[in-house]
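Trainee: Could you take one residue of this protein and walk me through its surroundings?

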Amino acid sequence: MLMELRQLEYLVAVAEEAGFTRAAERLHVAQPGVSAQIRRLEREFGEELLDRTGRTVRLTEAGATVLPYARAALAAVAGARLAVDELAGLVRGRVAMGVVTACGGLDLAGLLAGFHHDHPGVEISLAEDNSDRLLAGVCAGGLDLAVVGLAGPPPDGVRTQVVLAEELVAAVALDDPLAIVTEITIAELCERALISLPAGTGMRACLDEACAAEGRRPRIAFEASDPGVLAQLAARGLGVAILPASAVTARPDRLHGIPVRPGLRSRVELAWRADGPTSPAARALVRHARAVFADG
């Protein structure tokens with residue numbers, strides 16, 4: 001049997017796209033070429049692999065039997081190529097990275113630029129989301145690496161490295177009566193209208209857990225995903241914002257920061273799968289990020 005890898009690739013594409021035209025577009029080849037190669041494959045097997053009689057193309061019983069073997073063959077070849085590339089120091093492929101919304105204080109652009117310089121053959125995608133969804137993406141394998149905010153331990157199956165830890169303070173407008181207070185307790189904080197990041201973020205988890213430890217729930221008046229917006233709302237006298245201390249000291253003419261007792265601390269961490277990244281490109285990204293932030 002003289003079947004070619006591209007014939008198997010075409011079969012997989014047609015099966016997944018349920019049509020020759022969409023498969024050809026995905027493969028960036030002409031549609032007649034896809035049809036011709038699959039016809040050759042069917043002649044070699046002596047069986048029709050696709051049912052072309054309906055509006056969508058479907059696998060025949062023989063095609064359904066062949067499909068997992070075709071996928072396995074393509075995966076084996078891709079794995080062999082990656083292994084050889086890694087041995088030669090030539091990392092290729094794709095990596096997916098996630099970052100928590102409004103993650104200030106970290107030079108992510110510099111990190112990615114440095115990685116691209118060292119590994120120009122790797123495609124990089126970057127997504128922004130809340131920490132809980134980013135961690136779920138790491139656990140599920142959709143993300144190779146994420147920068148997340150954490151208040152407690154990471155979930156099972158995830159390893160982390162702290163890159164930034166900072167005290168959270170209660171931020172109020174300069175004309176707020178609280179602006180003369182030197183510290184505020186969690187219990188006192190829960191009596192105020194609070195301005196916070198949404199649930200699923202590390203800073204919000206830190207606040208919620210501290211309040212729960214006191215048997216209380218925070219009164220959230222406003223939520224926003226950008227700490228800068230929280231600062232603006234607090235400066236307008238709309239409530240007490242829970243912010244990193246650095247975000248308050250950067251606005252001394254508008255905000256007063258009050259330490260909270262017991263102290264609130266939020267961490268920004270790198271997160272990746274505990275069983276290790278699955279590709280050479282992903283392993284290179286994790287190594288690079290860990291080294292960059294270790295040096296910082």
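Mentor: Happy to; here is a close look at Glu-269, followed by the protein around it.

First, some ground rules: this is a predicted model, where local features need pLDDT of at least 70, side-chain atom pairs count only at pLDDT 80 or more, and totals for chains, interfaces and linings use all residues. Residues are numbered from 1 along each chain as its sequence is written, and side-chain values use heavy atoms, leaving out hydrogens and water.

You will find Glu-269 in strand β11, which covers residues 255-273; strands are DSSP runs of E with at least two residues, numbered from the N terminus. Glu-269 has a relative accessible area of 2%, so it counts as buried (under 20%, using a 1.4 Å probe and protein chains only).

What does the side chain of Glu-269 make a polar contact with? Its partner is the side chain of Thr-160, at 2.6 Å. A polar contact here is a pair of N or O atoms within 3.5 Å; within protein, one must be able to donate a hydrogen and the other to accept it, and residues adjacent in sequence count only if both atoms are side-chain atoms.

Leaving aside residues up to four places away in sequence, Glu-269 also touches, among others, Ala-146, Val-147, Val-148 and Leu-150, as well as Gln-161, Val-162 and Val-163. Touching means a contact, with heavy atoms within 4.5 Å.

Now step back to the whole protein. Buried residues make up 43% of its 296 residues. Its C-alpha atoms fill a box of roughly 85 × 45 × 30 Å along the principal axes.

Definitions and conventions: Buried means under 20% relative accessible area, exposed over 50%, partly exposed in between (1.4 Å probe, protein chains only). Helices (H or I, at least four residues) and strands (E, at least two) are DSSP runs, numbered from the N terminus.
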